[in-house]
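The exercises below are meant to be worked through with the sequence and the coordinates open side by side. Each one sets a task and then follows a solution step by step.

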Amino acid sequence: MNRRHLLKLAASCSFASLALNMPAIASTGSWKGRRTLVKGLSSPVGTAIDSKGAVVIANWSAGTIVRVGRDGKALSLASGLSGPAGLAISVSGDIYIASYNQDLVWRLSPNGGKPEVFVKGLATPAGLSFDNQGNLLIANRRTNQILAVTPDGRVSVAVRGELQTPVGAVQMPDGSYFVSNISGGVSYAGVDGSARTVSRQFSSPGPGIAVADAESVYVVDYGGTEVKRVFKDGTTKVVAGDFRSPVGLALSRERDRAIVADWGSNSAYEVVIGG
């Protein structure tokens with residue numbers, strides 16, 4: 001995920017003509033108490049929190065997967081991977097990793113080791129997440145689709161429509177979807193999977209997207225410095241800033257703790273989410 005390449009794609013979409021009649025961004029102080037969890041990463045992208053509260057991170061340029069404890073100590077789980085980007089952890093603890101370079105997704109044991117190929121034949125897969133049925137959602141960049149893959153590897157299209165280089169997606173509790181598009185803002189799709197753009201209040205949304213509540217999501221602004229909250233009606237609020245190209249995002253199960261992987265500083269930060 002070469003930063004220059006991604007931002008070049010984002011710049012190819014003109015936002016000026018779409019600025020009118022868009023919801024204004026309002027600041028909120030709901031995120032606070034940021035601390036550096038770990039430094040010295042290597043172009044971190046995919047980020048997830050496991051069942052024990054440890055953070056798992058995909059280092060794109062180093063080709064590694066690391067697990068970071070609350071004390072900031074990192075343990076290598078896998079190495080020698082080609083372009084590991086999106087990352088998600090299943091309920092069983094298996095780690096799923098998108099290869100941005102090889103057009104496939106690996107599955108890695110919670111204990112680490114050599115990953116196995118879970119699904120291949122993709123088109124520059126980026127962000128990963130799990131839907132409400134336990135299927136793996138894949139942001140398939142080159143086809144402008146969000147794919148759903150069952151545990152036994154059957155692939156279908158979950159979201160299509162107004163998507164422009166999608167890099168991350170989540171399913172909401174009611175079965176609808178939010179999608180972050182690196183070239184086209186944030187899209188929302190109903191349960192039928194037909195997407196429309198609801199917010200362009202970003203320089204360039206990144207793969208980091210997480211469910212905030214039943215009506216909204218948090219999305220990183222990879223082309224900027226902030227994390228924003230986007231509601232179904234398109235209302236967009238800044239919740240945290242002063243990053244250097246935030247790219248990965250993960251929330252604790254209680255949604256009281258956020259991990260932001262920052263490409264520009266090669267660090268991961270822990271932020272408290274208040275009421």
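Helices and strands are taken here as DSSP runs, of at least four residues (H or I) for a helix and at least two (E) for a strand, and they are numbered from the N terminus. The model is a predicted one.

**Exercise 1. Characterise the protein chain as a whole: how many helices and strands are there, and what share of the residues is buried?**

Step 1. Counting the elements gives 1 helix and 25 strands in the protein chain.

Step 2. For burial, the cut-off is under 20% relative accessible area; of the 275 residues, 59% count as buried.

Step 3. The surface that the protein chain exposes comes to about 11,300 Å², and carbon and sulfur atoms supply 47% of this area.

Step 4. Among contacts with a separation of 6 or more, 44% are accounted for by residues 24 or more positions apart.

**Exercise 2. Work out the strand order of the sheet that contains β3, and describe how its strands pair.**

Step 1. The sheet is open and has 4 strands, in the order β3-β4-β5-β6, with antiparallel pairing. Its edge strands are β3 (44–49) and β6 (74–78), each of which pairs on one side only, and the twist from one strand to the next averages 25°.

Step 2. At the β3 end, 4 bridges join β3 to β4 (residues 55–59) in an antiparallel arrangement, and in this part of the sheet Ile49 stands opposite Val55 of β4.

Step 3. At the β6 end, β5 (residues 64–68) and β6 run antiparallel and are joined by 4 bridges, with Val66 opposite Ser76 of β6.

Step 4. The connection between β5 and β6 is a hairpin with 5 residues between the strands, and Gly72 in the turn has a positive phi of about 85°.

**Exercise 3. Explain why one side of β7 and one side of β10 are left without a neighbour in the sheet.**

Step 1. The order of this open sheet of 4 strands is β7-β8-β9-β10, and the pairing is antiparallel.

Step 2. Because β7 (84–89) and β10 (116–120) stand at the edges, each with a single partner strand, one side of each has no neighbour in the sheet. Direction ignored, neighbouring strands of this sheet are turned by 25° against each other on average.

Step 3. Inside the order, β8 (residues 95–99) and β9 (residues 104–108) run antiparallel and are joined by 5 bridges; Ile95 stands opposite Leu108 of β9.

**Exercise 4. Identify the strands that pair with β25, and decide whether β25 is mostly covered or uncovered.**

Step 1. Strand β25 spans residues 267–273, and 6 of its 7 residues are buried, so that by the cut-off of under 20% relative accessible area the strand is mostly covered.

Step 2. One partner is β2 (residues 31–38), which runs antiparallel to β25 and is joined to it by 5 bridges; Thr36 stands opposite Tyr269 of β25.

Step 3. Another partner is β24 (residues 257–262), paired with β25 in the antiparallel sense over 6 bridges, where Ala261 has Ala268 as its bridge partner.

Step 4. Between β24 and β25 lie the 4 residues of a hairpin, and Asn266 in the turn has a positive phi of about 50°.

Step 5. Tyr269 also carries a charge over its ring, since the charged end of Arg34 sits 5.0 Å from the ring centre. Arg34 lies over the face of Phe243 as well, at 4.4 Å from the centre of that ring.

**Exercise 5. Describe the aromatic pair of Trp60 and Trp263, and decide whether each residue is buried or exposed.**

Step 1. The whole structure contains 7 aromatic pairs. The pair of Trp60 and Trp263 is tilted, with 6.1 Å from centre to centre and 40° between the planes.

Step 2. The pair links distant parts of the chain, 203 residues apart, with Trp60 in the loop between β4 and β5 and Trp263 in the loop between β24 and β25.

Step 3. With a relative accessible area of 19%, Trp60 is buried, and Trp263 also counts as buried, at 11%.

Step 4. Ring pairs link Trp60, Tyr222 and Trp263 into a cluster.

Notes
Residues are numbered from 1 along each chain as its sequence is written. This is a predicted model: local features need pLDDT of at least 70, side-chain atom pairs count only at pLDDT 80 or more; totals for chains, interfaces and linings use all residues. Side-chain values use heavy atoms; hydrogens and water are left out. Two strands pair if DSSP finds at least two bridges between them. Axes are lines fitted to C-alpha atoms, for helices over the stretch in contact, and angles run from 0 to 180 degrees between N-to-C directions. Buried means under 20% relative accessible area, exposed over 50%, partly exposed in between (1.4 Å probe, protein chains only). Rings of Phe, Tyr and Trp (its six-membered ring) pair if their centres lie within 6.5 Å; planes under 30 degrees apart count as stacked, over 60 as edge-to-face and the rest as tilted. A charge sits over a ring if NZ of Lys or CZ of Arg is within 6 Å of the ring centre and within 35 degrees of the ring normal. Contact means heavy atoms within 4.5 Å. Accessible areas come from the Shrake-Rupley method with a 1.4 Å probe; for residues, only the protein chains shown count as cover.
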